[in-house]
Amino acid sequence: MSETLELTKALISCPSITPDDHGCQDLLEQHLKAAGFNCRTLREQMFPTFNLLALCSHDPNANLEGDPEMIKAQHGPYDPSGFVVPKPITLFLGHTDVVSPGDEGAWQSPPFTPTIKDGYLYGRGAADMKGSDAAMTLALCRFVKNHPDFKGTVGLLVTSNEEGDAVGGVPFVAEWLKKEKIYPQYCIVGEPSSNEVLGDTIKIGRRGSMTAHITIHGTQGHVAYPNRINNAAHAGARLIAALLETPLDQGTEDFPPTSFNVTNIHSGVGAENIAPGTCEIMCNWRFNPLQTPLKLQKLVEKKLEKLRIYATVRYVINGLPFISERDGTLVQALQEAVTAHTGVQPELNTLGGTSDGRFIAPLGAETIEFGPCNGTIHKVNECVKVDDLEKLSAIYEQVLTRLHL
């Protein structure tokens with residue numbers, strides 16, 4: 001059994017449904033500490049989210065005849081006592097939480113009992129993303145062991161609240177990194193990016209996401225007296241039609257057109273003869289850099305004004321668009337590693353949903369996403385190809401070699 005497979009199975013055995021880590025980060029920390037990483041748990045007070053940050057630094061230009069404590073800080077595990085962390089800094093980013101397995105009886109094997117069948121490892125989190133957590137962790141451990149003279153800093157950040165609202169998760173850690181003046185140059189998010197085979201897709205960026213919670217206010221009344229009512233559901237229908245009528249843009253070379261979707265509607269009291277006085281609409285935009293949250297908010301306000309609809313609106317900005325250059329150092333290093341270990345030439349795109357990379361990219365890091373196939377994520381019988389786990393870890397290790405030697 002490969003070490004990566006063994007660690008992945010151990011992680012799947014932990015029923016870490018958001019935001020409960022359920023011991024996953026302890027398993028990763030054991031491996032990282034043994035390899036010389038400084039590990040610390042970061043938590044925002046009052047929240048149940050756990051975050052593990054593990055860093056290991058080496059500065060080949062440090063003065064070996066200088067202060068012994070400074071030498072120790074620059075030639076060993078990251079020391080959180082105020083010393084500057086040597087650059088370049090490469091941070092692997094992941095999460096140990098998983099979505100609920102749902103009806104466990106619908107699974108061919110218990111979701112938290114890792115099971116190998118026909119070359120695939122089954123279990124909740126196998127693809128999203130405990131396989132990547134194991135692959136990243138062991139790649140880091142092998143790298144620092146095999147290359148004790150590496151330059152800069154390498155590390156891992158994992159959270160137990162990615163599948164949920166991220167409160168107390170990576171956004172909190174990103175602020176902590178700012179205070180500590182730790183700004184990664186490179187960030188590899190181990191989310192399952194591949195589509196059909198390992199390595200066929202690298203996400204070089206993501207669209208932004210904004211949600212609007214719109215409450216339309218009308219006048220409730222008996223449908224038999226239409227002159228006495230102002231049907232809020234009808235107003236909601238007009239607003240939705242207006243927001244859908246014209247495409248906002250045609251997209252860019254790297255990003256698809258901005259999309260708008262209604263995700264929930266609620267109106268009425270359930271009676272067949274009462275016109276609703278309120279209509280609650282939840283909707284979402286996935287937007288490219290041609291749009292901004294402010295532009296989208298102004299669009300909604302203008303539509304409401306034109307239609308003479310009275311509504312209150314609450315906006316939630318889930319993330320801003322980001323992208324890493326196609327010819328950037330990190331993208332090139334990962335492309336080479338993928339082709340070397342899989343024979344596949346990966347496609348570069350920005351499709352899909354958001355990830356925690358949106359919180360690290362604003363720190364100035366080249367941020368990309370690369371991981372196993374995503375065809376079964378969040379589904380019953382989630383699985384990952386066993387052979388892909390070791391290849392994935394080898395790819396991660398080769399990228400570290402390219403960036404830090």
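This is a short talk on the helix packing, the pockets and a few backbone oddities in one structure.

Okay, hi everyone. Before I start, keep in mind that what you see above is a predicted model.

Let me begin with helix α10, residues 386-404, and its partners. One partner is α4, which covers residues 126-146. The two axes come within 8 Å and cross at roughly 45°. Angles under 35 degrees would count as roughly parallel and 65 to 115 as roughly perpendicular, so α4 and α10 end up as oblique to each other. As for hand, the α4 and α10 crossing is right-handed.

Who touches whom there? On the α4 side the contact includes Gly-131, Ser-132, Ala-135 and Met-136, and it also takes in Phe-143 and Asn-146. On the α10 side, the residues they meet include Leu-389, Glu-390, Ser-393, Tyr-396, Leu-400 and His-404. Sort the residues of this α4 and α10 contact by class and you get 11 nonpolar, 6 polar and 3 charged.

Now, α10 also packs with α1, residues 3-12. Here the axes sit 8 Å apart and the angle is about 110°, so α1 and α10 are roughly perpendicular to each other. That crossing is right-handed too, if you want to check it on screen. From α1 we have Glu-3, Thr-4, Leu-5 and Thr-8, and they meet Val-386, Leu-389, Glu-390 and Ser-393 of α10. The class split for α1 with α10 is 3 nonpolar, 3 polar and 2 charged. If you look back at the α4 contact, Leu-389, Glu-390 and Ser-393 of α10 are listed there, and they turn up in the α1 contact as well.

On to the pockets. What is the volume of the largest one? About 910 Å³. Its lining has 45 residues, and the ones nearest the centre are Asn-318, Thr-354, Ser-355, Arg-358 and Phe-359. Helices and strands both contribute: α5, α9, β10, β14, β15, β16 and β18 each give at least two residues to that lining. By class, the lining of the largest pocket holds 16 nonpolar, 15 polar and 14 charged residues.

The second largest pocket has about 270 Å³ of space, with 17 lining residues. Nearest its centre you'll find Tyr-120, Glu-196, Cys-373, Lys-385 and Asp-388. And here's our friend α10 again: α10 and β19, residues 383-385, are the elements giving two or more residues to this second lining. The classes for the second pocket come out as 8 nonpolar, 4 polar and 5 charged.

Last bit, the backbone. Which peptide bonds should you click on? Try Thr-18 to Pro-19, which is cis with omega near -5°. Pro-19 sits in the loop between α1 and α2. Then go to Asp-128 and Met-129, also joined by a cis peptide bond, with omega about -10°. Met-129 is placed in helix α4, the helix we saw crossing α10 at roughly 45°.

One more residue: His-378, in the loop between β18 and β19. Its phi is near 65°, a positive value in a residue other than glycine. On either side of that loop are strands we've met, since β18 helps line the largest pocket and β19 the second largest.

That's my tour, thanks.

Methods: Residues numbered from 1 in each chain as written. Predicted model: local features only at pLDDT ≥ 70, side-chain atom pairs only at ≥ 80, totals over all residues. Heavy atoms only, no water. Axes fitted to C-alpha atoms, helices over the stretch in contact; angles between N-to-C directions. Helix = DSSP H or I, 4+ residues; strand = E, 2+ residues; numbered from the N terminus. Parallel < 35°, antiparallel > 145°, perpendicular 65-115°, else oblique. Left-handed = near helix turned anticlockwise from the far one by under 90°. Contact = heavy atoms within 4.5 Å. Nonpolar A, V, L, I, M, F, W, Y, C, P; charged D, E, K, R; others polar. 1 Å grid on protein atoms, 1.4 Å probe; cavity = no way out; pocket = protein on both sides within 12 Å on 5 of 7 lines; lining within 4 Å. Points joined across faces, edges and corners; volume = space filled by probe spheres on them.
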